[in-house]
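Q: Please teach me how to read helix packing and hollows in a protein model.

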Amino acid sequence: MRLVLEQRAETGLALRLLSPLLAVALALVSASVMFAALGADPLVALHAYFVLPLSDSWGLQEVAVKATPLVLISVGLAFCYRAGVWNIGAEGQFLVGALGGAWLAVATHGGAQGPWLLPAMLAAGALGGALFALIPALLRTRFGASEILTSLMLVYVAELLLDWLVRGPWRDPAGFNMPQTVTFSPAATLPLLAEGGRVNLGTPLTLLVVAAAALVAARTLKGFEIRLVGEAPRAARFAGFDAKHVTWAVFAFSGALAGLAGIMEVAGTLRQLQPGLSPGYGFTAIIVAFLGRLNPMGCLVAGVFLAVTFIGGENAQIMLRLPLDATRVFQGLLLFYVLACDTLLLYRVRLLRSAAA
């Protein structure tokens, strides 16, 4: 007896839409069991996780702050995954983008600055992320190396580079020996949208990127090319599309958005470089991309949902003394259920009897 996955002839639109909702429901049930095992009332914990962050203006603003990098990174990853290219290193591209843009802020601090600085920082961040993402693209197209391994391993390179810079050449000499750069000047920071909050210009910029990406994915030849290369490589070759060119394009686009998210996080929220500037946005964005059905508009909704779990995890840690790692466990469960539901949506499980010897 053995289990075999048999591909379904077709899957309805309703099932495709219900699949992520079912994954969320199963993740919530599993999270309730986890909370009970940790000694907390599941209903109180779920309220702290998913209701409190949306119950006041401060919580809503913090959700927007967390959702901005998640949505921006996940949109780029969605294009990669649509093309059948597995960029797992968005976290490293996020950090390199932050370094690329912050270099301008640090180099010009106390010197000649002007209105040109902030756009230059955003461009440098996007360029840095794109160039860093092209390393696994080159290794895949030229040497056949697995982009999963190379992109993931480069995350550690980016983390160590950031750590060395903030503890060495870029460390603030007046910062009491703390591993951080100088606080960026106003010319090098994204303006806030409202006084007393942390929501900045990066949030509406992200919404513009989502709208543009949705248009490209649904209404342009390039969007069709990316889908065809991912879903039917042989048909793409017959149509004259080059899979290697698509690989370079989606890696560059994904890395640019991750790098842009990195510099916007530094210039808009933190306003300086420091170790651990990302709580794992690049990895969480993978969950966002799949939960959003690899659709830019879906990534927007999924990014807000995952941002709520970040803020809710902090609430549960303070109110219920639940470990912050419980948030990561929930996010991991969510990814597991999303992939499992998608697998059962596309394939039918059959039990076959082994042939007699």
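Q: With which hand does α3 pass α12?

A: A crossing is left-handed if the near helix is turned anticlockwise from the far one by less than a right angle, and right-handed if clockwise. Here, α3 passes α12 in a right-handed crossing. The helix names come from DSSP runs, numbered from the N terminus: H or I over at least four residues for helices, E over at least two for strands. Keep in mind that this is a predicted model, where local features need pLDDT of at least 70, side-chain atom pairs count only at pLDDT 80 or more, and totals for chains, interfaces and linings use all residues. Residues are numbered from 1 along each chain as its sequence is written, and side-chain values use heavy atoms, with hydrogens and water left out.

Q: At what angle do the axes of α3 and α12 cross?

A: Axes are lines fitted to C-alpha atoms, for helices over the stretch in contact, and angles run from 0 to 180 degrees between N-to-C directions. For α3 and α12 the crossing is at roughly 140 degrees, and the axes come within 7 Å. That makes α3 oblique to α12; angles under 35 degrees count as roughly parallel, over 145 as roughly antiparallel, 65 to 115 as roughly perpendicular, and the rest as oblique.

Q: Which residues make the contact between α3 and α12?

A: Contact means heavy atoms within 4.5 Å. On the α3 side you'll find E62, V63, K66, A67, L70, V71, S74, V75, A78 and F79. Facing them from α12 are P296, C299, L300, G303, V304, L306, A307, V308, F310, I311 and E314. By class, this contact has 16 nonpolar, 2 polar and 3 charged residues. Ala, Val, Leu, Ile, Met, Phe, Trp, Tyr, Cys and Pro count as nonpolar, Asp, Glu, Lys and Arg as charged, and the others, Gly among them, as polar.

Q: And at what angle do α3 and α7 pack?

A: About 25 degrees, with the axes 10 Å apart. That makes α3 roughly parallel to α7. The crossing of this pair is left-handed. From α3, the contact uses A64, T68, V71, L72, V75 and F79, while α7 brings G202, T203, T206, V209, V210, A213, V216 and A217. Between α3 and α7 the count is 10 nonpolar, 4 polar and no charged residues.

Q: How far apart are the axes of α4 and α11?

A: They sit 6 Å apart, at an angle of about 130 degrees; α4 covers residues 90-107 and α11 residues 281-291. That makes α4 oblique to α11. Their crossing is right-handed. A90, E91 and F94 of α4 meet Y281, G282 and F283 of α11. Those contact residues divide into 4 nonpolar, 1 polar and 1 charged.

Q: Now the hollows: what volume does the largest pocket have?

A: On a 1 Å grid over the protein atoms alone, a cavity is a set of points where a 1.4 Å probe fits but cannot get out, and a pocket is an open set with protein on both sides within 12 Å along at least five of seven lines; lining residues have an atom within 4 Å of a point. Points are joined across faces, edges and corners, and a volume is the space filled by probe spheres set on them. The largest pocket comes to about 960 Å³. It has 24 lining residues, with R16, E231, R293, L294 and L346 nearest its centre. α13 gives the largest share of that lining, 5 residues. By class, the lining has 14 nonpolar, 4 polar and 6 charged residues.

Q: Which residues lie closest to the centre of the second largest pocket?

A: This pocket has a volume of about 360 Å³. Of its 17 lining residues, P279, G280, F310, R328 and Q331 are the closest to the centre. α11, α12 (296-319) and α13 each give two or more residues to the lining.

Q: How many cavities of 30 Å³ or more does the search find?

A: Just 1 in the whole structure. The largest cavity holds about 90 Å³ of space. Its lining counts 13 residues, and V65, T68, P69, E265 and T269 lie nearest the centre. α3, α7 and α10 (243-270) each supply at least two lining residues. Sorted by class, that lining has 6 nonpolar, 5 polar and 2 charged residues.
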